[in-house]
Amino acid sequence: MPFMEKNIRVLLVEDNPGDRDLVAEYLEMDSHTFLVDFASNLGEAIKKLTHEPFDVVLLDLGLPDSQGVDTVADLVFRFPSLPVIAVTGQDDDETARQAIRKGAQDYLVKGKISPELIQRAIRYAIDRKGTENELTAIYENAPVLMMLVDQDRRILRLNQLPSVSGKDADRKYTGLRGGDALQCLHALKNEQGCGNALECETCEIRKSVFHTLETGEPVKNLETRISVVNENQTRDIYLSVSTARIILNNEPKVLVALADITQRIQALEDLRRNEALLKATQSLTKIGGWEWDVEKKEMFWTDEVYNIHGFQKEAFSPAAGDHIPKSLECYPPEYRNVIMSAFNRCVERGYPYDYEFPFTKATGQKIWIRTTGHPVLEDDNVVRVVGNIMDITDRKGVEQELRKSEAFLNATGKMAKVGGWEIDAKTLDVRWTDVTYEIHEMPKSYKPTLPEAIGFFHEKDRARLQAAFNNAMDQGAPFDLELRFTTSKGKELWTHTKCLPVVEHGRTIRLLGTFQDITESKTAQDEKRLLQEQFQQAQKLESVGRLAGGVAHDLNNMLTPILGFGGMLMEDFSPDDTRREFAHEILNAASKAKDLVAQLLAFSRKQVLEFKSMNLNHLLVSFEKLLRRTIREDVEIRLNLAPSLPNVRGDIGQLEQVMMNLAVNAQDAMPEGGELTIETSVTELDLEHSKEFDNLPPGCYVVLSVMDTGSGMDPETRQQVFEPFFTTKTKDKGTGLGLSTVYGIIKQHNGTIRLTSQPGKGTAFQVYLPALNTDKIAEMTQHHESEAVTGHETILLVEDNPQVRTLARIVLKRQGYRVLEAPGGQEAITIIKTYTEPVHLLLTDVVMPEMSGKDLFGRLSGEFDIKVLYMSGYNDEIIANQGVSEEHVDFIQKPFSGQALAAKVRQVLDRDQ
């Protein structure tokens, strides 16, 4: 580099004031401007050089804190790009040589310095150092490993080779001797070398260096393989070794270049394997390939094409012109013109073809083949035609399925919508693949900029994406993001973009990434999360329901004697007896407890219902009067009933309770008045949409909608609204069982209930009930209590609960019946077999420890003419498991009053068999 005319900043490191002043005076005589600063020792010089820029250093070799040529070595090591001129009072050649070897650009002897000499030395030092820095930069950044070795086989210089070593070369390898040093170049993380220390004499790198040292002859592109041990793993590295003898400082040295050719060797090996595999694959699949050179009029066939034709390969040459006419002879005459015309159109106009024909091999064997041809274009001209011929004889029958599979795979790839993109870190140029253009709904002629590409994303996601890009550019950090996105045509999508920065020498040079439309999967995830939340809510309600059902059974057994004995007390006390009031309060409390149990059973969907075919419109019309008397006058009630409504199967009382609970809840949500709208409609649920309705079976459903204009609900309230004992009302305004009861009743009717509500926008409940296939289903038989409840018949009473058994015995005896009682099935069988008179009725509990009521009646009915009346405090699910929930089976649910039991017994006894 030529010396530049400019101000030169000189640092003079000299502890002698006289010498320092003399040098400064010499520098001031030059026409150039030398800006001189001083340091009296090495430590002060290092501090100044660390914080201030200088163009050259004049360094005395005899300083208070450093002596000799090591002073030069220390300063050059710390500031390798700064030219240093050694200054000393010793006038001997050895010191000069050592100073130059340690890195000094020149050597000046005190007492022999003149203004011209020192000024010229500075200019030459700056020029030489600039040239040296340029060469060093070239050397250090060479794409191969460069190494300088002296005659003693010491490594003098070593550049970087991240692709071989996995990291930058370390200075600690400089100065190592012998073959071990060379082997360590490929295992810098392993102090033990490459693992071949015992085979050092066979190392081709070592041999090449020694050969050039001893003979002076270069080695060019010698390929060798080294097994490298790195972190307990062994891998093979292929290297190209070149050496050259050079003279530096009048001494011979060897320059070694090591290029990593592992990828090329592996690529060649992969190519050989691929060719062998392709040949084997063609033979196994009976698919051969061919190529026609349009200009040369030459044909090339793979071995399998010859095999399919039954030809000997040795009888043909590419330029002989025999391939096409000989091949045509194998086709039936009626097809030869077809295949030849297709081939000519492909050559002349670039039309591809794909045909299947019967085919006769040269050996006479008849087969089926598929032949295809495809043009290869250059500048819109056909230069080659490539194709294949396939023996499809064995697969002719299943080809249609193969085509379906191929179509499916192609459609699957298109539906995946995975595109790619690339950004140049220096120019910020953006490149997209075809699928990326398709997702953006942009033509391929569009060339996006990085800001434009980011602009397609949702404004709330752009900052996150921009930060990820910046981090990838600056730190080389990959990212993986799911982002909202709008296409050029306004379509809103969810996209998944990944980025992998490409980093070289610690700098990101480009970003590579993928881009995928995940809108469908994202929507599916949201739906799955919603279904999981619904399932968890249903599980929670089901768990509470099981608990409620169990508690209700125990309460039923306790309430039965309370209601029964309480009723008998009321009958026995005269109207003016003060104890009658006490008994009334007992019955009143028991009745409320009974209602509470009924609500628990309704929520748990365990109460026994009386189903019948009914029209929901008729039920609403008859219920409207009661509703208007119940709801406040400032709430306007509107009925919008569908003109034609199919019947549903339901319990009238329970559905009336549903309507009343929903209406009262709506009223409470409108403390200042509003509108209560009740509608009926019919809807058809298909299989796809049934998932949104608690997986109801597809079919026709009657919809009851109850809507208000009240305060609405927040999301947290909506989550808990059907849970028992949850209420937003004050302590004395509600029990929290209203909507949980509604939920249980609707579920027991094989329906579902949906809720939509927002704060300040009212609430809407929609009840879905399965519609009956016909409106003419007869209503379930109504049982009316007989007017007469007394009798003289004999009744066998079987009940394992002593209190319930005592109550039933007393009630029946008070009505004139003869009662035989037993705590279980075996005792009952013993009693009836020893009793000499007829037994007219078996009154039995359903669930008992040793023998169920159903089994007991089955054993007695085959031997005795006896009727049966079942009773139970269990829920309908358990009763159904016992086999007594069928229609026309007489049953009384606990708790019951004495009057109810007497009436039911009389009803069963009076009915004809």
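Two strands count as paired if DSSP finds at least two bridges between them. I keep that in mind for these notes, which concern a predicted model.

**Entry 1: one pair of strands**

I began with β27 (residues 699-708) and β29 (residues 763-770), which pair in the antiparallel sense over eight bridges. I looked up who faces whom here, and found Leu-704 opposite Val-767 in β29.

**Entry 2: the sheet around that pair**

Next I traced the sheet they belong to. It is an open sheet of five strands, in the order β24-β26-β27-β29-β28, and its pairing is mixed. At the edges I found β24 (635-640) and β28 (752-757), each pairing on one side only. From one strand to the next, the twist averages 20°.

Which strands does α19 lie across? I found it across β24, β26 (674-685) and β27, running at about 170° to β26.

**Entry 3: α19 and its helix neighbour**

I stayed with α19 (residues 616-630) and turned to α20 (residues 652-668): their axes come within 11 Å and cross at roughly 45°. Angles from 65 to 115 degrees would count as roughly perpendicular and those under 35 as roughly parallel, and α19 and α20 are therefore oblique to each other. I noted the crossing as right-handed.

I then listed the residues that meet. From α19 they include Leu-616, Leu-620, Phe-623 and Leu-627, and from α20 they include Ile-652, Leu-655, Met-659 and Ala-663. Sorted by type, the residues of this contact are eleven nonpolar, two polar and one charged.

**Entry 4: a second five-stranded sheet**

I moved on to another open sheet of five strands, with the order β19-β18-β22-β21-β20 and antiparallel pairing. Its edges are β19 (430-432) and β20 (479-486); each has a single partner strand, so one side of each is left without a neighbour in the sheet. Direction ignored, neighbouring strands are turned by 25° against each other on average.

How many bridges join β20 to β21? I found eight between β20 and β21 (residues 492-504), which run antiparallel. Along this pairing, Arg-484 stands opposite Trp-494 in β21. I also saw that helix α16 (residues 459-475) packs on the sheet, touching β18 (418-424), β20, β21 and β22 (507-517). The direction of α16 makes about 145° with that of β20.

**Entry 5: back to β1**

Then I went to strand β1 (residues 8-13). Five of its six residues are buried, so β1 is largely enclosed by the rest of the structure. I checked its neighbours: six bridges join β1 to β2 (residues 34-39), and these two run parallel. With β3 (residues 56-60), β1 also pairs in the parallel sense, over four bridges. Val-10 was a nice one to look up, standing opposite Val-36 in β2 and opposite Val-56 in β3.

**Entry 6: a hairpin**

My last close look was at β13 (residues 287-293) and β14 (residues 298-301), an antiparallel pair with four bridges. Trp-292 has Met-299 in β14 as its bridge partner. The hairpin has four residues between the strands, and Lys-297 takes a positive phi near 55° there.

Which side chains of β14 are buried? Met-299 and Trp-301 are, pointing to one face, while Glu-298 and Phe-300 point to the other and are not.

**Entry 7: the whole protein**

Finally I stepped back. I counted 27 helices and 34 strands in the protein, and 43% of its 913 residues count as buried.

Conventions
Residues are numbered from 1 along each chain as its sequence is written. This is a predicted model: local features need pLDDT of at least 70, side-chain atom pairs count only at pLDDT 80 or more; totals for chains, interfaces and linings use all residues. Side-chain values use heavy atoms; hydrogens and water are left out. Buried means under 20% relative accessible area, exposed over 50%, partly exposed in between (1.4 Å probe, protein chains only). Axes are lines fitted to C-alpha atoms, for helices over the stretch in contact, and angles run from 0 to 180 degrees between N-to-C directions. Angles under 35 degrees count as roughly parallel, over 145 as roughly antiparallel, 65 to 115 as roughly perpendicular and the rest as oblique. A crossing is left-handed if the near helix is turned anticlockwise from the far one by less than a right angle, and right-handed if clockwise. Contact means heavy atoms within 4.5 Å. Ala, Val, Leu, Ile, Met, Phe, Trp, Tyr, Cys and Pro count as nonpolar, Asp, Glu, Lys and Arg as charged, and the others, Gly among them, as polar.
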